[in-house]
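Visitor: Hey, got a minute to walk me through this one? I'd like the overall picture, then the core, then anything odd in the backbone.

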Amino acid sequence: MKVKYLGETSFLELTHDRIYKVLSVEKDWYRIVDDTDEDYLYPPEEFEIVEPNDGTTPVTS
């Protein structure tokens, strides 16, 4: 699954309009490797899905 960040660019976190791969969906939040090369959870309303989950991205509740 791939998503595009819609928020403002935040130094060393996320870049506006950049596409990120979602490692997993946990309690409806996206686990993404951000610009620090670390993975964190982010709220989905800050992103637009550009490539839907094809079943390979784990989803947990």
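**Overall picture**

Guide: With 61 residues, a compact globule would have a radius of gyration near 10 Å, and this chain has 11 Å, which agrees. Keep in mind that this is a predicted model.

Visitor: OK, and what does the C-alpha trace span along its principal axes?

Guide: About 30 × 20 × 15 Å.

Visitor: How many helices and strands?

Guide: Zero helices and six strands. Reading along the sequence, you get β-β-β-β-β-β.

Visitor: What share of the contacts comes from residues far apart in sequence, say 24 or more positions?

Guide: Such pairs make up 38% of the contacts with a separation of 6 or more.

Visitor: Let's go inside. How much of the chain is buried?

Guide: 25% of the 61 residues count as buried.

Visitor: And which residues form the largest nonpolar core?

Guide: There are 11 of them: Met1, Val3, Tyr5, Leu14, Tyr20, Val22, Val25, Tyr30, Ile32, Tyr42 and Phe47. At least two residues of this core come from each of strand E1 (2–5), strand E2 (19–26) and strand E3 (29–33). E2 has the largest share, with three residues.

Visitor: Pick one of those. What does Val3 touch, skipping its neighbours within four places in sequence?

Guide: Val3 is in contact with Arg18, Ile19, Tyr20, Val22, Tyr30, Ile32, Phe47, Glu48, Ile49 and Val50. Among these, Tyr20, Val22, Tyr30, Ile32 and Phe47 are also listed in the core.

Visitor: New topic, the backbone. What's the phi of Lys27?

Guide: Lys27 has a positive phi, about 50 degrees, and it is not a glycine. Most residues other than glycine have a negative phi.

Visitor: Where does Lys27 sit?

Guide: In the loop between E2 and E3. Lys27 is exposed there, with a relative accessible area of 63%.

Visitor: What about Asp28, which phi does that one have?

Guide: Asp28 has a positive value too, near 70 degrees, and is likewise a residue other than glycine. Asp28 is in the loop between E2 and E3.

Visitor: Is Asp28 buried or exposed?

Guide: Exposed, because its relative accessible area is 61% and the cut-off for exposed is over 50%.

Visitor: Last thing, the surface and charges. How much accessible surface is there?

Guide: About 4,200 Å² for the chain, with 50% of that belonging to carbon and sulfur atoms. As for charges, the chain has 6 positive and 15 negative ones, and their mean positions are 5 Å apart.

How values were computed
Residues are numbered from 1 along each chain as its sequence is written. This is a predicted model: local features need pLDDT of at least 70, side-chain atom pairs count only at pLDDT 80 or more; totals for chains, interfaces and linings use all residues. Side-chain values use heavy atoms; hydrogens and water are left out. Helices (H or I, at least four residues) and strands (E, at least two) are DSSP runs, numbered from the N terminus. The radius of gyration is taken over C-alpha atoms; the globule rule is 2.2 Å times the number of residues to the power 0.38. Buried means under 20% relative accessible area, exposed over 50%, partly exposed in between (1.4 Å probe, protein chains only). Contact means heavy atoms within 4.5 Å. Accessible areas come from the Shrake-Rupley method with a 1.4 Å probe; for residues, only the protein chains shown count as cover. Lys and Arg count as positive and Asp and Glu as negative; His and the chain ends are not counted. The place of a charge is taken as NZ of Lys, CZ of Arg, CG of Asp or CD of Glu. A nonpolar core is a set of buried Ala, Val, Leu, Ile, Met, Phe, Trp, Tyr and Cys residues joined through side-chain atoms within 4.5 Å.
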